[in-house]
Amino acid sequence: QVQLVESGGGSVQSGGSLNLSCTVSGYTYHRLGMAWFRQAPGKEREGIGYIDWGSRTNYADSVKGRFTMSRDNAKSTHYLQMNSLNAEDTAMYYCAARITWTPRWFDPGRYDFWGQGTQVTVSS
């Protein structure tokens with residue numbers, strides 16, 4: 001079975017940082033394009049960013065300059081480094097994977113695999 005497992009969530013004060021990770025098993029990781037999404041209560045799932053097999057990235061405007069994605073193909077893991085966190089970043093964070101690239105990376109319906117999510121809570 002293909003599994004994506006997130007970790008690294010937690011509670012942090014405004015202005016703080018967290019580093020999320022997502023480990024993939026059951027598939028050839030380096031052939032997958034990876035994305036991060038988040039969803040707050042009562043809101044639709046929001047695309048954060050996408051990183052392809054060559055580590056090219058796309059970011060949502062809301063996180064550009066604060067969040068950084070990277071991937072380690074040898075460890076089948078990709079990361080989301082989050083800096084300068086604020087209350088609007090509070091959400092459940094999910095990693096997702098596609099077998100092929102899509103120009104509509106921000107559309108959650110275009111992803112083949114999903115992790116269970118990890119909660120991020122930002123307080124004052």
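The legends below describe an overall view and several close-up views of a predicted model.

**Figure 1. Overall view of the predicted protein, with 0 helices and 11 strands.** Read from one end of the sequence to the other, the secondary structure follows the pattern β-β-β-β-β-β-β-β-β-β-β. The radius of gyration is 13 Å, close to the 14 Å given by the globule rule for 124 residues, so the protein is as compact as a globular protein of that length. Along the principal axes, the C-alpha atoms fill a box of roughly 40 × 25 × 25 Å. Buried residues make up 44% of the 124 residues. Among contacts with a separation of 6 or more, 58% are between residues 24 or more positions apart.

**Figure 2. Close-up of the aromatic pair formed by Phe 37 and Trp 114.** The whole structure holds 6 aromatic pairs. In the pair shown here, the ring centres of Phe 37 and Trp 114 are 5.1 Å apart and the planes meet at 55°; the pair is therefore tilted, since an angle over 60 degrees would be needed for edge-to-face and one under 30 degrees for stacked. Phe 37 belongs to strand E4 (residues 33–39) and Trp 114 to strand E10 (residues 113–114), so the pair ties together parts that are 77 residues apart in sequence. Phe 37 is buried, at 0% relative accessibility, whereas Trp 114 is partly exposed, at 27%.

**Figure 3. Close-up of the aromatic cluster that contains Trp 114.** The ring of Trp 114 also pairs with that of Tyr 111: the centres are 6.1 Å apart and the planes lie at 65°, so this pair is edge-to-face. Tyr 111 is buried, with a relative accessibility of 7%. Through ring pairs, Phe 37, Tyr 94, Tyr 111 and Trp 114 are linked into a cluster. Arg 45 lies over the faces of two rings of this cluster. Its distance from the ring centre is 4.2 Å for Tyr 94 and 4.7 Å for Trp 114.

**Figure 4. Close-up of strand E1 (residues 3–7) and its pairing with strand E3.** Side chains alternate along E1. Leu 4 and Glu 6 point to one face and are buried, while Gln 3, Val 5 and Ser 7 point to the other face and are not buried. E1 and E3 run antiparallel and are joined by 5 bridges. Within this pairing, Glu 6 of E1 stands opposite Cys 22 of E3.

**Figure 5. Close-up of the surroundings of Ser 21 in strand E3 (residues 18–25).** Ser 21 has a relative accessible area of 15% and is therefore buried. Leaving out residues up to four places away in sequence, Ser 21 touches Val 5, Glu 6, Ser 7, Trp 36, Thr 77, His 78 and Tyr 79. With one of these residues, Ser 7, the side chain of Ser 21 makes a polar contact of 2.8 Å. The C-alpha atom of Ser 21 is separated by 8.9 Å from that of Gly 9, a residue 12 positions away along the chain.

**Figure 6. Close-up of Arg 66 in the loop between strand E6 (57–59) and strand E7 (67–72).** Arg 66 counts as buried, at 16% relative accessibility. Apart from neighbours within four places in sequence, Arg 66 is in contact with Gln 81, Met 82, Asn 83, Ser 84, Leu 85, Asn 86 and Asp 89.

Notes
Residues are numbered from 1 along each chain as its sequence is written. This is a predicted model: local features need pLDDT of at least 70, side-chain atom pairs count only at pLDDT 80 or more; totals for chains, interfaces and linings use all residues. Side-chain values use heavy atoms; hydrogens and water are left out. Rings of Phe, Tyr and Trp (its six-membered ring) pair if their centres lie within 6.5 Å; planes under 30 degrees apart count as stacked, over 60 as edge-to-face and the rest as tilted. Helices (H or I, at least four residues) and strands (E, at least two) are DSSP runs, numbered from the N terminus. Buried means under 20% relative accessible area, exposed over 50%, partly exposed in between (1.4 Å probe, protein chains only). A charge sits over a ring if NZ of Lys or CZ of Arg is within 6 Å of the ring centre and within 35 degrees of the ring normal. Contact means heavy atoms within 4.5 Å. A polar contact is a pair of N or O atoms within 3.5 Å; within protein, one must be able to donate a hydrogen and the other to accept it, and residues adjacent in sequence count only if both atoms are side-chain atoms. Two strands pair if DSSP finds at least two bridges between them. The radius of gyration is taken over C-alpha atoms; the globule rule is 2.2 Å times the number of residues to the power 0.38.
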